[in-house]
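Open the model in your viewer and keep the selection tool at hand. The stops below go from one selection to the next.

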Amino acid sequence: ASNMDDILSLFNMILLLKIGDETTRQRLSVRTENDFGKTVDVQDWILSWKGWWEDMMEEKGVIVIDAHKNLDEVAREVIEVTTVDALANEAMDRGA
């Protein structure tokens, strides 16, 4: 989004679930709820900007989570990261 800096400031935390290009292609190819991304042309288009976008987001300080893992592991890490942050914010609010 051209207004990414304006949008990012609205969030306390932003997570980037990061996967490689081959995993991206594989996951797009086997989607069942949506046909978007199933063609090679669309996959090529997504991959043409994906790396740039991920790098930009990392430069802005997002929290990167390796999403190559299975769903349970990724979910566990998301919960851990967000819980630790929430507890830290709560402690700061109390003046601890």
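Start by selecting residues 40–59, which are helix H3, and pick out Trp-45 within that helix. Add Phe-36, Trp-49 and Trp-52 to Trp-45: together these four side chains form a nonpolar patch on the surface, with about 500 Å² of accessible area.

Now zoom out to the whole chain. This is a predicted model, with an average pLDDT of 90 and 86% of the residues scoring at least 70. Colour by pLDDT and compare two elements: strand S1 (residues 15–18) has the highest mean, 97, and helix H4 (residues 71–94) the lowest, 81. The secondary structure consists of four helices and two strands, arranged along the sequence as α-β-α-α-β-α. Of contacts between residues at least 6 apart in sequence, 63% join residues at least 24 apart.

Switch to a surface view. The protein exposes about 7000 Å², and carbon and sulfur atoms account for 55% of that area. Buried residues are 21% of the 96 in the protein.

Next, go inside. Select Met-4, Leu-8, Leu-16, Met-56, Met-57 and Val-62, the six residues of the largest nonpolar core. Helices H1 (4–8) and H3 are the elements that each contribute two or more residues to this core. Centre on Met-57: beyond its neighbours within four places in sequence, this residue is in contact with Met-4, Leu-8, Ile-14 and Val-62.

The remaining stops are salt bridges, of which there are six.

- Select Lys-60 and Asp-5, whose closest N and O atoms are 2.6 Å apart in a salt bridge. This pair links distant parts of the chain, 55 residues apart: Lys-60 is in the loop between H3 and strand S2 (63–66), and Asp-5 is in helix H1. Lys-60 is partly exposed at 36% relative accessibility, whereas Asp-5 counts as exposed because its value is 51% and the cut-off for exposed is over 50%.
- Select Lys-18 and Glu-58, which form a salt bridge with an N to O distance of 2.5 Å. Here strand S1, holding Lys-18, is linked to helix H3, holding Glu-58, across 40 residues. Lys-18 is partly exposed at 25%, and Glu-58 is partly exposed at 33%.
- Select Glu-77 and Lys-69, a salt bridge at 2.6 Å, N to O. Glu-77 is partly exposed at 22% relative accessibility; Lys-69 is also partly exposed, at 30%.
- Finish with Asp-21, Lys-50 and Glu-54, which are joined into one network by salt bridges that share partners.

Notes:
Residues are numbered from 1 along each chain as its sequence is written. This is a predicted model: local features need pLDDT of at least 70, side-chain atom pairs count only at pLDDT 80 or more; totals for chains, interfaces and linings use all residues. Side-chain values use heavy atoms; hydrogens and water are left out. Patches are made of residues with over 30% relative accessible area and no salt bridge: like charges are joined within 9 Å, nonpolar side chains (Val, Leu, Ile, Met, Phe, Trp, Tyr) within 5 Å. Accessible areas come from the Shrake-Rupley method with a 1.4 Å probe; for residues, only the protein chains shown count as cover. A nonpolar core is a set of buried Ala, Val, Leu, Ile, Met, Phe, Trp, Tyr and Cys residues joined through side-chain atoms within 4.5 Å. Buried means under 20% relative accessible area, exposed over 50%, partly exposed in between (1.4 Å probe, protein chains only). Contact means heavy atoms within 4.5 Å. pLDDT is the predictor's confidence in each residue, from 0 to 100.
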